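Biologist: I would like to learn how to read a model like this one, feature by feature. Could you walk me through it?

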Amino acid sequence: MVLGTTFVLAFVPASAVVGILFALSQWYIVSKISVGRKPVSNNGYMHVDEDGIDNSSVDEKVAEIQSAISEGSEAFLTTMYTYLAIFMGLFSVIIFVFLASVGGFSFDRQPCDYDQTKSCPSSIASAFFSTVAFILGALTSTLSGYLGMKIATYANARTTLEARKGVGKAFAIAFRSGAVMGFLLAANGLLVLFLTILVFKLYFGDDWVGLYEAITGYGLGGSSVALFGRVGGGIYTKAADVGADLVGKVEQNIPEDDPRNPAVIADNVGDNVGDIAGMGADLFGSFAESTCAALVVSSISSFGNDKNFVAMQLVISTVLMTVAIFLISWFGLPETFTINVVGHEAKVVKNWHIFFCVGSGLWAGLIIGFVTEYFTSNAYTPVQDVADSCRTGAATNIIFGLALGYKSVIVPVFAIAVAIYLSFSLAAMYGIAVAALGMLSTLATGLAIDAYGPISDNAGGIAEMAGMSHEVRERTDALDAAGNTTAAIGKGFAIGSAALVSLALFGAYVSRAGIASVDVIQPKEFVGLIVGAMLPYWFSAMTMKSVGKAALAMVEEVRRQFRTIPGLMEGTTKPDYKRCVKISTDASLKEMIPPGALVMLTPLIVGTLFGVETLAGLLAGALVSGVQIAISASNTGGAWDNAKKYIEAGASEHAKSLGPKGSDAHKAAVIGDTVGDPLKDTSGPSLNILIKLMAVESLVFAPFFAANGGWLFRQ
């Protein structure tokens, strides 16, 4: 049984509307907590708490701090998006010119590549729709990042205020706020993509290949914005974080988020522009590319005469439960259908095969999540061992942390490998594409738990700056420690799905470029392979150095203020917060351009000068290398962060023996955390965008490379 077009047309937008309504309901609950209102005794608060702190003045401080963080976040994103608007305009022109040139800028319809007896849109039309899809993807990604930032800055102070009632109350608000972001962004991305397909179909008609090739521009636009958001936001937040920690904690021996620290506002702004806005754009890009990959691979293959059910990929991406995936696979797909495999015989696939493909991605993601939790949570042995290594100084802490990161790669890679082998065996590249959708089928929940971490981190910072009781800060610290783990789990999902998405896009690129097989023994492919494997290292070096340069300027500024502002350490004078915010803003906007250009220009240069075969090798090398570096970097940084928090919390006898704050072991842990910051929040998360973005960009430009690429070899 195959569900009809009418069902698809109703179910997909209805699912998106349900997601939006659920997000709004959660937002309404969060909004009932007032910020800035003076507490009165009949609503559960007391004017003076158990530590003798006047809650009325605290509430006013909380509102003031929240406003400063919100204004700083909005100012940065507005400036960054202005730069990105210029980029989108220029790159849109490149897409249009390159693709239109394939057909000599002709307005005449042309024979279809997949069937010479049929007429397909002109090169001008195909270029136009690809460009429009790129712009829509970029705008949706921008909106995703901006909405995420607004939600987080709305929720952080409310989480702080609820922490006075207990950890449970604060957790509920932080997670509800994360759910607002998760469901709103997932539903928004689904709805925009679905409506775009419907509108494009009015022109393309039954030309599914042309339609879905144009739609790949949507994924390219989403990931392009996500790359700059992740890199720019990551440089911003880590420059502020490193400056605040090195000078504040290590040199001046003041607590984290102490209001005397000049970099504290910039640090909290960074949580929102890097961890929230960048992550929102990143996971939206993963969703867009995985869906586009499934659509493109299916359109290249042969599913018989009726291809309307291909839109069921969008349905599958909205379903969270394995049972539901089975039902949709059973009722939403033909009992059997044929998939063309490049260079091999056509493959007959059954509908239950697709269930196992989607399920393999879903369960591989779950395994990656559990492994990430094990290696980054301070409740388990690996992080506790890293914390214990701090007894002998920062050097042993660094050694143990690096070893943990390398070891944490093993199980996720095996899980991804099994999912790839099973999916390809059952349904070729189409199976891998829907496996990526399976891994992202929990996207809304993944976004929710990922956003929860930075919101809790901000809540703790606000509690410290507002002078709230020690008990409140302990509660927010507990939430923050859990948030580090949930953020690491979210990054694990993003990296794992990036591997599957990139492989599916790679398969689509090989098909579209007319490559019969990728033979790494051949010199063109092998050269591309080894250079591609190098790219993640080059990219990581650029982003790490960018963080280092920005952090250097931040450290010097924080030292200068402590040295020259009278009364700053005594707390009688306020630091110049705006100066530190400006340093992070200027550095991130300047330093995000070179690594972004590396990723965006490499496929264009390699495809144009060296041809489609060398570019195929490049994509394969970047995929294999990038996934493993990304997992290692993210987990190493997460482990160092939670090792520091393990010592600070002192929740066990072992932890107490390493502390308290300010001890030699704690200082060694702070250094490890500082080294890990750019790994887990800048380089690591950005690498999964690198491998996806280069793959989808190569697919978009594949017609141009196939027709005009390899200039150097033609001379």
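Modeller: Happily. Keep in mind that this is a predicted model. Let us begin with a charged pair: the side chains of Arg 512 and Glu 213 form a salt bridge, with N and O 2.5 Å apart. Arg 512 belongs to helix H14 and Glu 213 to helix H5, so this pair ties together parts that lie 299 residues apart in sequence.

Biologist: Is Glu 213 buried or exposed?

Modeller: The cut-off for buried is under 20% relative accessible area. Glu 213 has 19% relative accessibility, so Glu 213 counts as buried.

Biologist: How many salt bridges are there by this rule?

Modeller: The count comes to 28. Another one joins Glu 464 and Arg 473, at 3.5 Å from N to O. Its two partners fall in different classes under the cut-offs of 20% and 50%: Glu 464 is partly exposed at 22%, while Arg 473 is buried at 9%.

Biologist: Which residues are linked in a network of salt bridges?

Modeller: Lys 238, Asp 241, Asp 641, Lys 644, Lys 645, Asp 673, Asp 677, Lys 680 and Asp 681 are linked in this way. Take one pair from that list: Asp 681 bridges to Lys 680, and their closest N and O atoms are 2.7 Å apart. Asp 681 is buried at 3% relative accessibility, and Lys 680 is buried as well, at 7%.

Biologist: Now for empty space. How many cavities of 30 Å³ or more does a search of the whole structure find?

Modeller: The general idea is that rolling a probe the size of a water molecule over the atoms shows where empty space is left. Here the search finds five such cavities. The largest cavity holds about 290 Å³ of space. It is lined by 28 residues, and those closest to its centre are Asp 275, Asp 457, Asn 484, Asp 641 and Lys 680. You have met Asp 641 and Lys 680 already, as members of the salt-bridge network.

Biologist: Which helix gives the most to the lining of the largest cavity?

Modeller: That is H14, with six residues. At least two residues each come from H5, H6, H13, H14, H18 and H20. By class, the lining has 20 charged, five polar and three nonpolar residues.

Biologist: What should I look for in the backbone?

Modeller: Start with phi and omega. Phe 105 has a positive phi, near 55°, although Phe 105 is not a glycine. Phe 105 sits in the loop between helix H2 and strand E1, and its relative accessible area of 42% makes it partly exposed. Asp 108 lies in the loop between H2 and E1 too, and Asp 108 is exposed at 57%.

Biologist: Where is Ala 428 found?

Modeller: Ala 428 is in helix H12, residues 410-439. Its phi is also positive, near 55°, but Ala 428 is buried, with a relative accessible area of 3%. For omega, look at the peptide bond between Gly 659 and Pro 660: it is cis, with omega about 0°. Pro 660 is in the loop between helix H19 and helix H20.

Biologist: And which residues form a nonpolar patch on the surface?

Modeller: Val 518, Val 520, Ile 521, Phe 526, Val 527, Ile 530, Val 531, Met 534 and Trp 538 do, with about 810 Å² of accessible area together. One of them, Val 531, is in helix H15 and is partly exposed at 32% relative accessibility.

Note on methods
Residues are numbered from 1 along each chain as its sequence is written. This is a predicted model: local features need pLDDT of at least 70, side-chain atom pairs count only at pLDDT 80 or more; totals for chains, interfaces and linings use all residues. Side-chain values use heavy atoms; hydrogens and water are left out. Patches are made of residues with over 30% relative accessible area and no salt bridge: like charges are joined within 9 Å, nonpolar side chains (Val, Leu, Ile, Met, Phe, Trp, Tyr) within 5 Å. Accessible areas come from the Shrake-Rupley method with a 1.4 Å probe; for residues, only the protein chains shown count as cover. A salt bridge is a side-chain nitrogen of Lys or Arg within 4 Å of a carboxyl oxygen of Asp or Glu. Helices (H or I, at least four residues) and strands (E, at least two) are DSSP runs, numbered from the N terminus. Buried means under 20% relative accessible area, exposed over 50%, partly exposed in between (1.4 Å probe, protein chains only). On a 1 Å grid over the protein atoms alone, a cavity is a set of points where a 1.4 Å probe fits but cannot get out, and a pocket is an open set with protein on both sides within 12 Å along at least five of seven lines; lining residues have an atom within 4 Å of a point. Grid points are joined across faces, edges and corners, and a volume is the space filled by probe spheres set on the points. Ala, Val, Leu, Ile, Met, Phe, Trp, Tyr, Cys and Pro count as nonpolar, Asp, Glu, Lys and Arg as charged, and the others, Gly among them, as polar.
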